[in-house]
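Here is a brief report for a reader new to this structure. Have the sequence and the model open while you read.

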Amino acid sequence: MSTEQALRDRSESKCELCSATDNLSVYEVPPGSVGGVDDSVLVCATCKGQIENPETMDANHWRCLNDSMWNPAPAVQVVAWRMLNRLRSEGWPQDLLDMMYLDDETSLWAKATGDHLDDSEKVIHRDSNGAILEAGDNVVLIKDLDVKGAGFTAKRGTAVRGISLVQDNAEHIEGRVNGTRIVILTKFVKKS
């Protein structure tokens, strides 16, 4: 059975957020969605458009979250929580957020994209040129770096593939150099 058909069965062929029945499609909930039933939601074109383009948000459309936030599917809960957080300045979404319960794993998933943070609270990693770095990016060292404790020097021009971000420090990333996982200061790399 396809993912879309499984989602249609789960949702009775309705948008899992607003219950619309037209123009339904699969929305894979980031990050790390593999397109399965457990990490996807069946949504209408209106909901999908506003999820993917926050500047087109119509707050009144999202009053439907009053019902859909209680959906037992974690993926639906995650999307509902994220949308309520985007709208919390409206007032009424904060009341719903105060009532909403997410288990620990679902809460971590919901917070993974940083939608709940104000711009001033977000940790943004930037390379030496100011380009925004994301987990999985490839970077190149722009300076020879002595690796403390490993006994080698990471040479300028070395490619570091598939970096990960240190979540609480915008100046640090992690990556493998010479088979050793090291912490690298963002000011010494450039995105490739």
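## Contacts of Cys 47

Contact here means heavy atoms within 4.5 Å. The model is a predicted one. Start with Cys 47. Which residues does Cys 47 touch, leaving aside its neighbours within four places in sequence? They are Cys 15, Leu 17, Cys 18, His 61 and Trp 62.

## Two nonpolar cores

Cys 47 belongs to the largest nonpolar core, which has 35 residues. Cys 47 is also among those that touch the most other members, along with Cys 15, Leu 17, Val 29, Trp 62, Val 79 and Leu 84. In soluble globular proteins, nonpolar side chains tend to be buried together.

Several elements feed this core. Strand 1 (24–28) and strand 2 (40–44) each supply at least two residues. So do helix 2 (45–52), helix 4, helix 5 and helix 6 (104–111). Helix 4 gives the most, with 8 residues. Another core lies apart from this one. That second core has 15 residues, including Leu 133, Leu 145, Phe 152 and Phe 188.

## Helix 4 against helix 5

Helix 4 spans residues 74–86, and helix 5 spans residues 92–99. The two pack at an angle of about 145°, and their axes are 8 Å apart. The crossing is left-handed.

Which residues make the contact? Helix 4 brings Trp 81, Leu 84 and Asn 85. Helix 5 brings Trp 92, Pro 93, Leu 96 and Leu 97. By class, the contact has 6 nonpolar residues, 1 polar and no charged ones. Leu 84 appears here again, having been listed among the core residues that touch the most other members.

## Strand 8 and its partners

Strand 8 covers residues 172–177 and has two faces. Ile 173, Gly 175 and Val 177 lie on the covered face. His 172, Glu 174 and Arg 176 lie on the uncovered one. In a regular strand the side chains alternate between the two faces of the sheet.

Strand 7 (residues 164–165) runs antiparallel to strand 8, and 2 bridges join them. Ser 164 has Glu 174 as its bridge partner. A hairpin of 6 residues links strand 7 to strand 8.

Strand 9 (residues 180–185) also pairs with strand 8 in the antiparallel sense, over 6 bridges. Here Arg 176 is the bridge partner of Arg 181. What lies between strand 8 and strand 9? The two form a hairpin with 2 residues between them. Asn 178, in the turn, has a positive phi of about 55°.

Conventions. Residues are numbered from 1 along each chain as its sequence is written. This is a predicted model: local features need pLDDT of at least 70, side-chain atom pairs count only at pLDDT 80 or more; totals for chains, interfaces and linings use all residues. Side-chain values use heavy atoms; hydrogens and water are left out. Buried means under 20% relative accessible area, exposed over 50%, partly exposed in between (1.4 Å probe, protein chains only). Helices (H or I, at least four residues) and strands (E, at least two) are DSSP runs, numbered from the N terminus. Two strands pair if DSSP finds at least two bridges between them. Axes are lines fitted to C-alpha atoms, for helices over the stretch in contact, and angles run from 0 to 180 degrees between N-to-C directions. A crossing is left-handed if the near helix is turned anticlockwise from the far one by less than a right angle, and right-handed if clockwise. Ala, Val, Leu, Ile, Met, Phe, Trp, Tyr, Cys and Pro count as nonpolar, Asp, Glu, Lys and Arg as charged, and the others, Gly among them, as polar. A nonpolar core is a set of buried Ala, Val, Leu, Ile, Met, Phe, Trp, Tyr and Cys residues joined through side-chain atoms within 4.5 Å.
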